[in-house]
Amino acid sequence: MHSYDYDLFVIGAGSGGVRASRMAASAGARVAVAEDAPLGGTCVNVGCVPKKLYKYASEFSGEFEASKGYGWSLEGVSFDWEILKANRAKEITRLNGIYQNILEKPGVQIIRGHANLVDEHTVEVDGKQYTTKYILIATGGWPVIPQFEGADLTVNSNQIFDLETLPKKILIVGGGFIACEFASIFNGLGVDVRQIVRSKILKDFDAPSIEFLKEELIKSGINISEAVNIKAVKKNPEGSEYKLTAELDTNETLQVDEVLLALGRKPKIDGLNLGKVGVQIKDSGHIKVDENSQTSVASIYAIGDVVGRMDLTPVAIAEAMAFVSHVFGDGSRKMSYENVPFAVFTKPTMGTVGLTEQEAREKYADDIVIFESNFKAMKHTLSGLDERTLMRLIVQNSTDKVLGVHMVGDYAPEIIQGFGVALKAGATKAQFDATIGIHPTSAEEFVTMRSPKSN
Ligand SMILES: Cc1cc2nc3c(=O)[nH]c(=O)nc-3n(C[C@H](O)[C@H](O)[C@H](O)COP(=O)(O)OP(=O)(O)OC[C@H]3O[C@@H](n4cnc5c(N)ncnc54)[C@H](O)[C@@H]3O)c2cc1C
């Protein structure tokens, strides 16, 4: 019988690693977690949390504008980037402390430093070795930075929150949710935003919803160009009005202060020694795991973005819970990737759960009916703002089951979270119809759509 220093050694104290560490420790396991950056990982430090705080900051400009039709007049309104940065940093430091407490309370040992594997039961952190029965790799991801002339003059999502000054003009390269969210954030903060994307924005989402969202984003003032790529970035001479010149593959040149590259994320596996220990990875670099998050080495598991099943905080957390249940519990908690709700925090926001129209048609061909409502929310009758809302239900005709719920408009993420429960429960369109609406809201549209859209 082996005696190990720990029952579980977790590498990475991000969304997945923190949850797995504390739940395993609460179940009686002796747990250590290694972290080489502030506690909380991407989500807390450079992801969901600071992004949402900046999103809140960016919404005030629209609200000030909307308030005029309601009788308000505002003078001397201004925005201070330094105050936002400082207050965000203070809040993140507070959260880092909370993460430390929730780890230490159930007895998790926090080991600061970069960890790598030595063998299937040994982890090394900055030269010191620890033996363990199980290892959990939860090292997350990192922004992809392609090579091109001047790539070193650009910034990525890790750096964007701390820009020295608020740019007058920014070029955002990428069309995923992170690129689109920052485009809306900077637009709301009064920055002139140009967004370019190699193919289409948000291309894996419900296509008609994205077409609608794109129109709204353009209306809000974001200059979006699809099928365009970046070629080079050059530094302008000292004293120029803008800091950089960006060259696009259309031969257009742009004068901007910053270029944000948001071109996806790759798994963070550098220096882990996966190959040496026999942990297999996919071509994408993601760690290969089975349905229990077990890698090709029996004592080593992996969860979260480093596995890349769905790069979302609640998914990493749910994978952590299923891992702890499998290894330290009764195994009853399983992971399901079906009907995972998702939001894009643009202006307007988008919320989505279930199948897109294109996925539903691929799976069920003509056995699909679509219900759609495109309207001006009551708020904008007086605000005078030209903002519209779109709601879509994708329904299977033969079973009446609601397969997908998509919304573009104010509060979409909050609204869609609730409909996520309905989809998990297998709700039918008849059950949507039997639900009484809350009046007056936008959300009530979802339970009052009577006529299908013609196919
Ligand atoms: C800008 C942005 C916005 C986002 N917004 C959202 C959102 O709104 N909603 C949402 O659900 N998701 C969002 N995400 C995604 C979300 O942040 C990730 O899916 C989530 O953090 C993944 O958790 P994780 O535990 O896999 O990894 P992470 O949270 O990345 O944690 C990994 C940790 O491991 C540490 N680490 C790595 N290697 C080592 C090593 N060798 N030794 C020691 N420590 C190591 C890292 O420092 C890090 O702290 C966003 C991401 C970004 C970048």
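**Entry 1: Asp257**

I looked up the contacts of the Asp257 side chain in this predicted model, and found one of its polar atoms 3.3 Å from the backbone nitrogen of Lys243. The side chain of Asp257 also reaches a second backbone nitrogen, that of Lys168, at 2.8 Å. I then asked where Asp257 sits along the chain, and located it in the loop between β13 (253-256) and β14 (258-261). Is Asp257 buried or exposed? Its relative accessibility is 7%, so I noted it as buried, the cut-off being under 20%. Leaving aside residues up to four places away in sequence, I listed its neighbours in contact as Pro167, Lys168, Lys169, Glu241, Tyr242, Lys243 and Leu244.

**Entry 2: domains 1 and 3**

I next turned to the domain assignment, which divides the chain into domain 1 (6-142 + 266-328), domain 2 (151-263) and domain 3 (341-447). For domain 1 and domain 3 I read a distance of 31 Å between the C-alpha centres, and I found 10 residues of domain 1 in contact with 11 residues of domain 3. The two domains bury about 920 Å² between them, and 64% of this area lies on carbon and sulfur atoms.

**Entry 3: polar and charged pairs**

How many salt bridges does the rule find across the interface of domain 1 and domain 3? I noted one. I also recorded that the side chains of Glu63 and Lys379 meet in a salt bridge, with an N to O distance of 2.8 Å. Across the interface of domain 1 and domain 3 the rule further finds three residue pairs in polar contact, both residues being at pLDDT 80 or more. On the side of domain 1 that touches domain 3, I sorted the residues into three nonpolar, two polar and five charged.

Terms used. Residues are numbered from 1 along each chain as its sequence is written. This is a predicted model: local features need pLDDT of at least 70, side-chain atom pairs count only at pLDDT 80 or more; totals for chains, interfaces and linings use all residues. Side-chain values use heavy atoms; hydrogens and water are left out. Helices (H or I, at least four residues) and strands (E, at least two) are DSSP runs, numbered from the N terminus. Buried means under 20% relative accessible area, exposed over 50%, partly exposed in between (1.4 Å probe, protein chains only). A polar contact is a pair of N or O atoms within 3.5 Å; within protein, one must be able to donate a hydrogen and the other to accept it, and residues adjacent in sequence count only if both atoms are side-chain atoms. Contact means heavy atoms within 4.5 Å. Domain bounds come from an automatic or database domain assignment. Buried area is the accessible area (1.4 Å probe) that two parts lose on being put together, summed over both. A salt bridge is a side-chain nitrogen of Lys or Arg within 4 Å of a carboxyl oxygen of Asp or Glu. Ala, Val, Leu, Ile, Met, Phe, Trp, Tyr, Cys and Pro count as nonpolar, Asp, Glu, Lys and Arg as charged, and the others, Gly among them, as polar.
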